[in-house]
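Student: Could you take one part of this structure and walk me through it closely, then show me how it fits with the rest? I would like a connected account rather than a list.

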Amino acid sequence: MSQDTLKRLVSQAAADYILTRIPEGAVIGIGTGSTVNYLIDALASHKVFNARYHGAVSSSNATTARLKMHGIKVLDLNDIETLPVYIDGADEINHHGHMIKGGGGALTREKIIAQVAEIFICIADASKRVNTLGHFALPVEIIPLARAALSRKFLALGGRPVLRTTANGAPYLTDNGNQIIDVHGLQITDPVTLEAKINSWPGVVTVGLFAKRPANLCLLASATGIEMIE
Ligand code: 5RP
C-alpha cells in the first residue's frame, strides 16, 4: 500500500472518530499537511459536519483555504473558549506521543492550537513511528535577525542547521513571515528538555518538538489496519 493510501485510510478513520466521539456544537482544531488535507476532505464528505459542529480553527493559511473551499466555517482561536480536540499529522512520533512537526512549516500555529485543545489526536502512516526522534530534520521557526547566531548554537548541539528555501532559492517564509532552520543529524533522547532549551534561545519563535504537550491519542495506518495508541 502506498503512503498516500495509508494517509487516506487513517484520515477516514479519524473523521469517523470525530463524528462519533466529539459532541455536537463543538469547534474542531485542524492541523496542516497532506494527511490533514485528506481528513478535511473526509469530514466534508460527511454532509452532517456543518450541521453538527460550530466550525473549525485552522493552523495555516493552506488549511483555512481548504476548509473554506468545502464550505466549512473557520473561526478565530481568539473567539473560542474551549477546544475539545485538535487533530494533526506529524513528521515523527515516538511511543510517548512526542513528535517532530513543522515539515509543512505551520509549527507555530499548530503548537498554539494544540496547547489550547483538551485532546490532541495525531494521525499518520506507520512510517512516522520511531524509537528516537531526530532522523527527520528538526524544524525551528526563527526571527531572521537571529539566523547566524542560532545556527552556531545548533552546530554546538551537534546538529547541522540548514535554512529552508523555496524552489527558486529564496528563504522560505512561514504564514507568520518568519524563516525556518531545519536541524539535521540530531538524536533526540530527551525531547522535553531539548524543547525547553531551544525555546529559551532569543530569536526562536517555535521549535518543532511537541513533547511538553504530546499527542493524547495516535492513529497510525499500516498495511494491517489502523492502530490506536493512547
Ligand atoms: C506541518 C506538519 C505536518 O503535520 C507534518 O509535516 C506531516 O505532514 P504530512 O501529513 O504531509 O506527512 O507538522 O507543519
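Tutor: Happily! Two strands are said to pair if DSSP finds at least two bridges between them, and strands themselves are DSSP runs of E that hold at least two residues, numbered from the N terminus. Keep in mind throughout that this is a predicted model.

Let's take strand β7, which spans residues 119-125. Is this strand mostly covered or open? Six of its seven residues are buried, so the answer is mostly covered, given that a residue counts as buried when 20 or more other C-beta atoms lie within 10 Å of its own.

Now look at what flanks it. With strand β4 (residues 85-88), β7 forms a parallel pairing that runs over four bridges. You can locate this pairing at Val85, which stands opposite Ile119 of β7. Strand β13 (residues 217-222) is also a parallel partner of β7, this time over five bridges. Here Ile123 is the residue to find, as its bridge partner in β13 is Leu219. As general background, strands of a sheet pair through backbone hydrogen bonds, in either a parallel or an antiparallel sense. It also helps to recall that side chains in a regular strand alternate between the two faces of the sheet.

Stepping outward, β7 belongs to an open sheet of seven strands in the order β3-β2-β1-β4-β7-β13-β14, with mixed pairing. Its edges are β3 (74-75) and β14 (225-229), each of which pairs on one side only. Elsewhere in this sheet, β1 (residues 27-30) and β2 (residues 55-58) pair in the parallel sense over four bridges, and Gly29 has Val57 as its bridge partner in β2.

From the sheet, turn to helix α5, which holds Glu110. The unreviewed UniProt entry places an "active site" feature at this residue. Glu110 counts as buried because it has 31 C-beta neighbours inside 10 Å. Leaving aside residues up to four places away in sequence, Glu110 touches Gly31, Thr32, Ser59, Asp88 and Lys101. One of these contacts, Asp88, leads back to the sheet, since β4 covers residues 85-88.

The ligand is the next thing to find. Of the 17 residues around it, Gly33, Thr35, Gly89, Gly103 and Gly104 come nearest. Helices α2 (34-45) and α5 (107-116) are the elements that give two or more residues to this shell. By type, the shell comprises three nonpolar, 10 polar and four charged residues.

There is also a second open sheet, made of three strands in the order β5-β6-β12 with antiparallel pairing. The edge strands there are β5 (92-93) and β12 (209-210). Two bridges join β5 to β6 (residues 99-100), and Glu92 has Ile100 as its bridge partner in β6.

Finally, the whole protein. It has seven helices and 14 strands. Its radius of gyration is 17 Å, close to the 17 Å that the globule rule gives for 230 residues, so the protein is as compact as a globular protein of that length. The C-alpha atoms fill a box of roughly 50 × 40 × 35 Å along the principal axes, and 46% of the 230 residues count as buried. Among contacts between residues at least 6 apart in sequence, 77% join residues at least 24 apart.

Conventions. Residues are numbered from 1 along each chain as its sequence is written. This is a predicted model: local features need pLDDT of at least 70, side-chain atom pairs count only at pLDDT 80 or more; totals for chains, interfaces and linings use all residues. A residue is near a molecule or strand if its C-beta atom, placed from the backbone, lies within 6 Å of it. Ala, Val, Leu, Ile, Met, Phe, Trp, Tyr, Cys and Pro count as nonpolar, Asp, Glu, Lys and Arg as charged, and the others, Gly among them, as polar. UniProt positions are given in the numbering used here, feature names are shortened, and annotations may be inferred rather than shown by experiment. A residue is buried if 20 or more other C-beta atoms lie within 10 Å of its own, exposed if 12 or fewer, and partly exposed in between; C-beta atoms are placed from the backbone. Two residues are in contact if their C-beta atoms, placed from the backbone, lie within 7 Å. The radius of gyration is taken over C-alpha atoms; the globule rule is 2.2 Å times the number of residues to the power 0.38.
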